[in-house]
Amino acid sequence: MTTFKLAESPFKSDNTASNRCGFTLMNNQVGVVVAEVMGTKPNVTVTPLPSMIRVDAVGRMDVVYDEISEALGEEPGYFDAAEFEENMSTHYGRMIHLDDRTMMFANPEDAAEYLDFDLTPVAS
């Protein structure tokens, strides 16, 4: 009789804070350009995969629309929140859309000022 030892699964759950945020893009012409621009940021890691591109950051990252427009060879204002949402598949972290950029925060507390969220405890 043969006995088998079960291998430990590489897929584990870990609920500790990672201090990371990110998104996935479609692996198409626009997604590749967005990933190239984001890859120039010091705290950002870009991982190309067959059908998507992962963009991950430590702490915070800003997707500045006019940087993307320029890299696409378009006029300022071409790339915007709607264009970003169209090319993004998923995200994690707190996402804040402004007129000129999308900001991603690993920690919701860091985004509080943009959300009009008061972090001051209130006695009940």
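With which side chain does the side chain of T102 make a polar contact of 2.7 Å? The partner is the side chain of H97, and the second view below shows this pair with its surroundings. The model is predicted: local features need pLDDT of at least 70, side-chain atom pairs count only at pLDDT 80 or more, and totals for chains, interfaces and linings use all residues. Residues are numbered from 1 along each chain as its sequence is written, and side-chain values use heavy atoms, with hydrogens and water left out.

**View 1. The whole chain and its elements.** The chain holds 3 helices and 7 strands; these are DSSP runs numbered from the N terminus, with H or I over at least four residues for helices and E over at least two for strands. Read from the N terminus, the order is β-α-β-β-β-α-α-β-β-β. The radius of gyration is 19 Å, well over the 14 Å that the globule rule gives for 124 residues, so the chain is more spread out than a compact globule. This radius is taken over C-alpha atoms, and the globule rule is 2.2 Å times the number of residues to the power 0.38. The C-alpha trace spans about 70 × 55 × 25 Å along its principal axes. Of the 124 residues, 32% are buried, where buried means under 20% relative accessible area, exposed means over 50%, and partly exposed lies in between (1.4 Å probe, protein chains only). Among contacts (heavy atoms within 4.5 Å) with a separation of 6 or more, 57% join residues 24 or more positions apart.

**View 2. T102 and its polar partners.** T102 belongs to strand β7, which covers residues 101-105. With a relative accessibility of 0%, T102 counts as buried. Its side chain has a polar contact of 2.5 Å with the side chain of Y65 and another, of 2.7 Å, with that of H97. A polar contact is a pair of N or O atoms within 3.5 Å; within protein, one must be able to donate a hydrogen and the other to accept it, and residues adjacent in sequence count only if both atoms are side-chain atoms. Beyond its neighbours within four places in sequence, T102 also touches other residues, including M61, D62, V63, F84, M95 and I96.

**View 3. T24 in strand β1.** T24 sits in strand β1, residues 20-26. Its relative accessible area is 7%, so T24 is buried. The side chains of T24 and T90 are joined by a polar contact of 2.8 Å. Apart from neighbours within four places in sequence, the residues in contact with T24 are M52, I53, R54, N87, M88, S89 and T90.

**View 4. Helix α1 and its surroundings.** In helix α1 (residues 29-38), 7 of the 10 residues are buried, so the helix is largely enclosed by the rest of the structure. The buried residues are V30, G31, V33, V34, A35, V37 and M38. They pack against β1, β2 (44-48), β3 (52-58), β4 (60-64), α2 (65-71) and α3 (81-87). At the N-terminal end of α1, N28 acts as a cap, with a side-chain oxygen 3.2 Å from the backbone nitrogen of V30.

**View 5. F105 and N19.** F105 is found in strand β7 and is buried, with a relative accessible area of 3%. Setting aside neighbours within four places in sequence, F105 is in contact with C21, G59, R60, G93, R94, I96, D110, A111 and Y114. Although F105 and N19 are 86 residues apart along the chain, their C-alpha atoms are separated by 8.6 Å. N19 lies in the segment before β1 and is partly exposed, at 33% relative accessible area. N19 is not a glycine, yet its phi is positive, at about 60 degrees. Most residues other than glycine have a negative phi.

**View 6. G93 between two strands.** G93 is placed in the loop between β5 (88-92) and β6 (94-97). Its relative accessible area is 35%, so G93 is partly exposed. Outside its neighbours within four places in sequence, G93 is in contact with C21 and F105. G93 and N28 are 65 residues apart in sequence, and their C-alpha atoms are 23 Å apart in space.
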